[in-house]
Amino acid sequence: MAKWNRKSGISRRDRAKYRFDAFMERGGTANLKALAVVFVVALVIFALGRVIVVSLFGVDQVERGTAPWRQFYLALLEITDPGSMTQDVDSSGWVKLLAIATGIAGIILLSTLIALLTTAVTARLRQLRKGHSKVVLTGHTLILGWNPRVVEILDELVVANESEDHPAVVILSKEPKEEMDDWLNVHLEDTYNTEVVTRSGSPSSLVNLEMVAAADCKSVIVLANRIVVATEREIHESDLAALKSILAFVRVIEQKTDSRPESETDSGPEVPIVAEIHGEAGR
């Protein structure tokens with residue numbers, strides 16, 4: 001565990017700033033927690049300010065009464081809705097100044113909240129566009145990899161799935177999700193009742209395979225990633241990548257089988273795997 005070195009000359013202010021920055025860098029929930037703390041502190045300060053002004057300085061002219069609990073309630077109204085400053089139209093000057101300060105603080109806090117929510121929603125949408133969200137499907141066809149022939153394969157799957165209810169095809173590739181979606185929108189005419197889902201990730205990664213529900217698919221198609229005109233080395237790398245994807249998929253299936261109770265050890269029919277292999281061993 002990292003500790004502060006007292007001989008390093010780092011001031012307490014710098015340490016506090018570092019901890020605050022590290023906390024805020026977490027984003028999302030951390031920022032909302034910090035804003036909630038600031039809101040509570042501001043509310044207490046302005047409410048106590050009203051109580052002190054009314055009680056200690058003898059300000060009797062308060063439109064809504066001088067009781068302490070009433071000052072807290074009015075401060076809450078004004079900090080959450082700056083328009084509530086009209087509650088102090090007939091109050092004394094000092095109370096009006098506190099009401100104005102409370103309203104301004106409320107505007108700042110509300111603007112910050114809107115900015116944080118907008119940032120969180122934008123970040124979430126950006127993550128969705130990257131294609132890293134989990135797929136919750138069963139009985140789907142899984143395509144590992146990407147090349148121009150994916151459109152021909154999808155056309156055949158769409159025709160074959162016309163008699164099925166809610167069929168789905170999931171594509172897992174290292175290509176960016178937005179590029180895959182744009183390519184399919186241009187080159188794929190119609191998917192009819194077949195849902196086509198794209199996810200960006202490594203087809204040989206166990207984590208990414210779990211993301212696309214590989215253990216629950218009905219069949220797997222492994223595409224070669226070589227270009228149309230490829231060298232021997234490129235063909236070898238393509239075949240190696242396909243074999244890695246197959247081995248990773250088999251490992252996911254084995255993990256699912258091992259996690260089942262002994263009474264459910266029957267894994268049922270095997271999942272068919274079709275792969276593009278160009279080397280001599282795959283012919």
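Leaving aside neighbours within four places in sequence, Leu142 is in contact with Val170, Val212, Ala214, Cys217, Ser219, Val220 and Ile221. The model in which these contacts are found is a predicted one, and Leu142 offers a convenient way into it. Leu142 belongs to the largest nonpolar core, a set of 17 residues, and together with Leu144, Leu209, Val212, Ala214 and Val220 it touches the most other members. The elements that give two or more residues to this core are strand E1 (141-144), strand E2, helix H7 (206-211), strand E4 (219-222) and helix H8 (232-258), and of these H8 gives the most, with 4 residues. A second, separate core holds 13 residues, among them Ile143, Trp146, Leu157 and Val169. In soluble globular proteins, nonpolar side chains tend to be buried together.

With these cores in mind, the chain as a whole can be laid out. The protein chain has 8 helices and 5 strands, and read along the sequence they follow the pattern α-α-α-α-β-α-β-α-β-α-β-α-β. Of its 283 residues, 33% count as buried, while the chain exposes about 18300 Å², of which carbon and sulfur atoms supply 58%. Among contacts between residues at least 6 apart in sequence, 75% join residues at least 24 apart.

Helix H6, which spans residues 177-187, shows how one element is set against its surroundings. Its buried residues are Lys177, Met180 and Leu184; seen down the axis of H6, these fall within an arc of 65°, so they line one face of the helix. On the other side of H6, Asn185 and Val186 are exposed. The cover over the buried residues of H6 includes helix H4 (93-130), helix H5 (150-160), strand E2 (168-173) and strand E3 (195-200).

Strand E3 contains Val196, a residue that counts as partly exposed because its relative accessibility is 25%. Neighbours within four places in sequence aside, Val196 is in contact with Leu154, Val169, Ile171, Leu184 and Thr191; of these, Leu184 is one of the buried residues of H6, and Val169 is one of the members of the second core. Val196 and Ala168 are 28 residues apart in sequence, yet their C-alpha atoms are 5.8 Å apart in space.

Two loop residues deserve a careful look at the backbone. Most residues other than glycine have a negative phi. His166, however, has a positive phi of about 50° although it is not a glycine, and it is found in the loop between H5 and E2. With a relative accessible area of 78%, His166 is exposed. Tyr192 likewise has a positive phi, of about 55°, without being a glycine, and its place is in the loop between H6 and E3. Tyr192 counts as exposed, at 57% relative accessibility.

The last stop is at the surface, where Val40, Val44, Leu48, Ile52, Leu56 and Phe72 make a nonpolar patch of about 520 Å². Helix H2 (residues 29-56) provides the largest share of this patch, 5 residues. Leu48, which lies in H2, is partly exposed, with a relative accessible area of 40%.

Methods. Residues are numbered from 1 along each chain as its sequence is written. This is a predicted model: local features need pLDDT of at least 70, side-chain atom pairs count only at pLDDT 80 or more; totals for chains, interfaces and linings use all residues. Side-chain values use heavy atoms; hydrogens and water are left out. Buried means under 20% relative accessible area, exposed over 50%, partly exposed in between (1.4 Å probe, protein chains only). The arc is that of the directions from the helix axis to the C-beta atoms. Contact means heavy atoms within 4.5 Å. A nonpolar core is a set of buried Ala, Val, Leu, Ile, Met, Phe, Trp, Tyr and Cys residues joined through side-chain atoms within 4.5 Å. Patches are made of residues with over 30% relative accessible area and no salt bridge: like charges are joined within 9 Å, nonpolar side chains (Val, Leu, Ile, Met, Phe, Trp, Tyr) within 5 Å. Accessible areas come from the Shrake-Rupley method with a 1.4 Å probe; for residues, only the protein chains shown count as cover. A salt bridge is a side-chain nitrogen of Lys or Arg within 4 Å of a carboxyl oxygen of Asp or Glu.
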